[in-house]
Structures are given as C-alpha cells and as structure tokens.
Amino acid sequence: MQSIQIKYLPATNTKGFRLKATCEAGSLIESRIYDLEISQQALNLAFKLANQKLDWKVKKFSQGHFNGCDYFNIVEFVKK
C-alpha cells in the first residue's frame, strides 16, 4: 500500500492556488480547477500521480483528512 498526500498551496505573487500530490516515489503540482469541487480535484490529482507519472495500476483509493494535509489517499496498486 502507498499513501498520497494532497496539500492545498496558497497563491503567490506569480502563481494562483495549487494542489500538490506527494508520496515516497514523487510529486505532482496542478493549478486549482475551480469548475471542480476541491475533493474531486484532489482525487483526480492522486490518480494522475499514480497512473501517469509513477506508472502504477491503481486498484483502490480511499479519501480522508490527516494532520497537515487537506486530503490523504490510501492506494492499493500493482506496478505495471
């Protein structure tokens, strides 16, 4: 099992609000998409990190809150 933590990054002088997905194997940052609920964007970002960047075959996600993170997703996966 692998965990992916999603943090909400505040806007800066040059960048808008962003979400950052982080796990032991890497990370991915994406601008906030206001057409989506933040929980849906967080879940989508976790899938992008797992399936596209890390090349895992995701079997299961669960979502919740954890200290210091907006969303905490537990992943059950098989490496491709």
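How many helices and strands does the protein have? Show the whole chain as a cartoon and count: there is one helix, and there are five strands. Keep in mind that this is a predicted model.

**Whole chain**

Colour the cartoon from the start of the sequence to the end. The elements come in the order β-β-β-α-β-β. Now colour by pLDDT instead. The mean for the protein is 84, and 84% of the residues reach 70 or more. Select residues 26-31, which form strand β3: among the elements, this strand has the highest mean pLDDT, 94. Then select residues 69-79, strand β5, where the mean pLDDT is the lowest among the elements, at 67.

Switch on the surface. The accessible surface of the protein is about 5200 Å², and carbon and sulfur atoms account for 50% of it. Of the 80 residues in the protein, 31% are buried. Among contacts between residues at least 6 apart in sequence, 37% join residues at least 24 apart.

**The helix**

Hide the surface and select residues 38-53, which is α1. How far apart are the end C-alpha atoms of α1? The distance between them is 21 Å. The helix has 16 residues, and at 1.5 Å a residue it should span 22 Å, so the distance in the model agrees with the expected span.

Next, select Q41, A42, L45, A46, L49 and A50, the buried residues of α1. These residues cover an arc of only 165° around the axis, which means that they are on the same side of α1. Looking along the helix axis is a convenient way to check this.

Select I38, also in helix α1. Is I38 buried or partly exposed? I38 has a relative accessibility of 23%, so it counts as partly exposed; the cut-off for buried is under 20%. Draw a distance from the C-alpha atom of I38 to that of Y8: the two are separated by 9.2 Å, although they are 30 residues apart along the chain.

**The nonpolar core**

Which residues touch the most other members of the largest nonpolar core? Select I4, I6, A21, C23, L49 and W56; the core has 14 residues, and these touch the most other members. The elements that give two or more residues to this core are β1 (2-9), β2 (18-23), α1 (38-53) and β4 (56-66). Helix α1 gives the largest share, five residues.

Go to I4, which is in strand β1. Its relative accessibility is 0%, so I4 counts as buried. From the C-alpha atom of I4, draw a distance to that of A50: the distance is 8.6 Å, and the two residues are 46 apart in sequence. A second distance, from I4 to L45, is 9.7 Å between C-alpha atoms, for residues 41 apart along the chain.

Stay on L45, in helix α1. L45 also has a relative accessibility of 0%, so it is buried. Leaving out residues up to four places away in sequence, L45 touches L19, K20, A21, L28 and E30.

One of these is A21, the next residue to select. With the sequence neighbours up to four places away left out again, A21 touches I4, Q5, I6, G26, S27, L28, L45 and L49. I4 and L45, both visited above, are thus among the residues that A21 touches.

**After the helix**

Finish at D55, in the loop between α1 and β4. What is the phi of D55? It is near 60°, a positive value in a residue other than glycine. D55 comes just after α1. With the side chain shown, check the surface once more: D55 has a relative accessible area of 39%, so it is partly exposed.

Conventions:
Residues numbered from 1 in each chain as written. Heavy atoms only, no water. pLDDT = per-residue confidence, 0-100. Helix = DSSP H or I, 4+ residues; strand = E, 2+ residues; numbered from the N terminus. Buried < 20%, exposed > 50% of the residue type's maximum accessible area, 1.4 Å probe, protein only. Contact = heavy atoms within 4.5 Å. Areas by Shrake-Rupley, 256 points an atom, 1.4 Å probe, with all protein chains shown as cover. Core = buried A, V, L, I, M, F, W, Y, C linked by side-chain atoms within 4.5 Å. Expected span 1.5 Å × (residues − 1). Arc of directions from axis to C-beta.
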